Amino acid sequence: MHIFNQGKYKSLHAQQAGELEHIRQQVLRDTEFRPTYHLAPETGLLNDPNGLVFDGEKYHIFYQWFPYGAMHGMKHWKHLITRDFQHFQEAAPLIPDELFESHGCYSGGALLWQDHIVAFYTGNTRNAENQRIPHQNIAIFTKDGKLLEKRCLLNQAPAGYTEHVRDPKPFVTKEGKIRFVLGAQRENLSGTALIYEMTDLNSTPQLLGELNLSDFDNGHVFMWECPDLLQVQNQDLFIWSPQGKIRESYAFQNNYHATYALGKYQDLHFLAQHVEELDYGFDFYAPQSIQGAEGIYYAWVGLPDLTYPTDEYQWHSMLSLPRQFSIKQGKLYQRPIAQVYAQCLPAKQYQIEGKQQIAHLDQSYLQFNAENQPFTLCFFANEAGQLLILHYQAGILTLDRTHTKQTALMQQFGEQRHCVLGELNKVEIFFDRSIVEIFLNDGEKVMTSRFFIPERENALDSSRPLCVSVAELKPIIFTG
Ligand code: FRU
C-alpha cells in the first residue's frame with residue numbers, strides 16, 4: 001500500500017487526526033443550500049456517479065469524490081448501498097493506494113460477476129515528467145461492500161490515442177463475455193469510444209475497435225467522456241458526454257454536454273435513429289445507468305470547470321435523483337423512479353393567484369398542467385430581490401437564474417436555459433434547496449440545475465391562476 005500525499009493528490013490514508021472533522025464543521029456552516037433528499041458529499045467535491053450496479057437485492061452507488069475540499073483533487077470512489085433509494089449505508093470506498101492509480105481513481109462502471117461486484121475504473125497516474133498515463137483497472141467487492149482486491153488490466157493508452165483514454169463501463173454480451181466501452185481521444189484530437197473484450201476477469205482486454213456511431217456531428221469534439229451502452233425496452237441506447245460541441249441558442253448551451261443516441265448496436269456499429277442532448281438545464285453531466293436495473297440512472301448535477309457558491313463551505317455538487325429511461329413512440333423519456341414518488345408526503349392543492357407562501361417549497365415536488373398556455377413563475381423571492389424564474393411561451397420554456405447568487409464561472413455561459421417543446425402540458429418540479437429538476441410532459445424533456453438564493457422565502461408568484469399540487473419529500477437517511 002502507498003500513502004500518496006503530494007499537494008492536491010492526497011489520499012484518505014494521509015489524513016491528519018481531526019482534519020475531515022474540521023472540514024465537516026465548515027460544511028455545517030452552510031444552513032441554506034445542503035439538499036435533504038439528494039446525495040451530496042459530506043465534505044469536499046462530488047462529480048460523476050460511478051460503479052452503479054444492482055446485485056440482485058441492493059444497489060451499489062459510488063461517486064467520484066475528493067474529500068478535502070471543493071476542488072478536483074485526488075479522486076476516490078465513495079461507496080453507498082441502498083435497497084430503497086431512501087436509506088443509504090456506507091461501504092468500502094476506493095482509496096488510491098497502488099502505483100496504477102497514484103493520481104486518482106477516475107470514473108468507470110461495475111458488473112455483477114460470479115457473485116461479486118467488479119468495478120472497472122481508470123487509474124490516473126503521472127510519470128516523473130508529469131505526463132498522464134491512464135491505466136484501466138478493476139476492483140472486486142463482496143456484495144455486502146467489502147473490497148477484496150484491485151488489479152491493473154491495461155497500463156497505457158492504445159496506439160493511435162492520446163493519454164485521454166478513460167471511464168470504462170462494462171457489460172456482459174449474449175455470449176457471456178465481458179466488454180467495456182471506454183472514452184477516448186484520437187491522436188488527431190477528436191473524441192471517440194473504444195470497445196474492449198475479455199473472456200473472463202483473468203484475461204487481458206482485447207481492443208475490438210472504435211464504436212462507430214452514425215448521425216452524430218463530431219466536429220470540434222475533442223473527447224468523449226463517460227460512455228455507457230445499455231438496453232431500454234429492447235432498444236439500444238448509447239449515452240456519453242462529448243466535449244467540444246459548439247454552443248447553439250437552444251441546444252448545447254453549457255460548456256460540456258451529455259447526449260444520447262437511440263437505435264441499434266451491432267458489431268461495433270451504432271446505427272442511431274435519434275441523437276439529442278439528455279438535459280436542457282444548467283448543470284448536468286456524466287450520467288451513468290445502473291447495471292442490471294432496467295435503465296435507472298444517476299447523473300452529476302454539475303459540470304467540469306465550474307465553481308459554485310457552496311465551495312466556500314468546502315462542499316461542491318450533488319447527484320441527480322435516480323431516474324429511469326423509457327421509450328414511448330420511439331422517443332426517449334426520463335422520469336424519477338417510482339421510489340422517489342413514494343417518498344413524497346401527501347400532496348396539498350394550491351390555487352395560486354399572484355404571490356403565495358408554500359410551506360417547505362424548497363424541499364418539495366410540484367405538479368401542474370400548463371395546458372400549453374403561457375406562464376411566468378417566480379420562486380423564492382428574497383428581500384434583496386433575488387428569485388428563480390420559469391417562463392413559458394410559444395413552445396419555449398426558459399429557466400432564468402439571472403437574479404440568483406452565482407459565481408463568475410456559472411455566469412460565463414449565460415443565465416438562461418431554454419427547452420423547445422411541441423406543446424407543454426404536465427410540469428413536474430423537484431426542489432431541494434439548491435437544486436431544481438424539471439420534468440416536462442411526463443419526461444419528454446428535462447431541465448436540471450443548481451440555483452442559489454440565500455435567505456429565500458418559500459413563496460411562489462404566478463402570472464396567471466394556476467392549480468398546483470405540492471408534496472414535501474422525505475429526507476435521505478444514512479444508516480450505520
Ligand atoms: C468526467 C470526468 C471523467 C473522469 C473523472 C475524473 O467528469 O472528467 O472523464 O474520469 O471526471 O474525476
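In this predicted model, Trp-240 faces Thr-259 of strand S18. The two strands involved are S17, residues 235-243, and S18, residues 259-266. They pair in the antiparallel sense, over five bridges.

S17 and S18 belong to an open sheet of five strands. The order is S15-S19-S18-S17-S16, and the pairing is mixed. Which strands stand at the edges? They are S15 (212-213) and S16. Each has a single partner strand, so one side of each is left without a neighbour in the sheet. In a regular strand, side chains alternate between the two faces of the sheet.

**The ligand shell**

Edge strand S16 (223-232) also gives two or more residues to the shell around the ligand. Strands S3 (44-54), S11 (161-172) and S20 (285-289) do likewise. How many residues are around the ligand? There are 14. Gln-64, Tyr-106, Ser-107, Glu-225 and Ala-286 come nearest. By class, the shell has five nonpolar, four polar and five charged residues.

**Strands S21, S24 and S25**

Strand S24 (residues 323-328) pairs with S21 and with S25. Two bridges join S24 to S21 (residues 296-301), and the two strands run antiparallel. Six bridges join S24 to S25, again antiparallel. Gln-324 takes part in both pairings. Its bridge partner is Ile-296 on one side and Arg-335 of S25 on the other.

S24 and S25 form a hairpin with two residues between the strands. Gln-329 in this hairpin takes a positive phi, near 45 degrees. Most residues other than glycine have a negative phi. Leu-189 and Asp-305 also have positive phi values, near 65 degrees for Leu-189 and about 70 degrees for Asp-305.

Both of these residues lie in loops. Leu-189 is between strand S12 (178-186) and strand S13 (191-198). Asp-305 is between S21 and strand S22 (315-316). Are they buried or exposed? Leu-189 has 12 C-beta neighbours inside 10 Å, so it counts as exposed. Asp-305 has 10 C-beta neighbours inside 10 Å and therefore also counts as exposed.

**Two domains and their contact**

The domain assignment gives domain 1 as residues 12-338 and domain 2 as residues 344-478. Their centres, taken over C-alpha atoms, are separated by 28 Å. The contact takes 34 residues from domain 1 and 37 residues from domain 2.

On the side of domain 1 that touches domain 2, strand S6 (87-90) and strand S25 (331-336) each supply at least two residues. Which element gives the most to this side? It is S25, with four residues. S25 is thus named both here and as the antiparallel partner of S24. By class, this side of domain 1 has 16 nonpolar, 11 polar and seven charged residues.

**Annotated spans**

UniProt, in an unreviewed entry, places the feature "domain: Glycosyl hydrolase family 32 N-terminal" at residues 38-336. From the same kind of record, an unreviewed UniProt entry, comes "domain: Glycosyl hydrolase family 32 C-terminal" at residues 365-457. The table sets out the computed values for each span.

| Residues | Helix | Strand | Distance between end C-alpha atoms |
|---|---|---|---|
| 38-336 | 0% helix | 54% strand | 12 Å |
| 365-457 | 4% helix | 47% strand | 17 Å |

**The loop at Ile-358**

Ile-358 is in the loop between strand S26 (348-357) and strand S27 (364-369). How exposed is Ile-358? With 19 C-beta neighbours inside 10 Å, Ile-358 counts as partly exposed. The cut-off matters here, because a residue counts as buried at 20 or more.

Which residues does Ile-358 contact, leaving aside its neighbours within four places in sequence? They are Tyr-350, Asn-458, Ala-459, Leu-460 and Val-470. His-13 is a distant reference point: 345 residues separate it from Ile-358 along the chain, and their C-alpha atoms are 46 Å apart.

Note on methods
Residues are numbered from 1 along each chain as its sequence is written. This is a predicted model: local features need pLDDT of at least 70, side-chain atom pairs count only at pLDDT 80 or more; totals for chains, interfaces and linings use all residues. Domain bounds come from an automatic or database domain assignment. Two residues are in contact if their C-beta atoms, placed from the backbone, lie within 7 Å. Ala, Val, Leu, Ile, Met, Phe, Trp, Tyr, Cys and Pro count as nonpolar, Asp, Glu, Lys and Arg as charged, and the others, Gly among them, as polar. A residue is near a molecule or strand if its C-beta atom, placed from the backbone, lies within 6 Å of it. Two strands pair if DSSP finds at least two bridges between them. UniProt positions are given in the numbering used here, feature names are shortened, and annotations may be inferred rather than shown by experiment.
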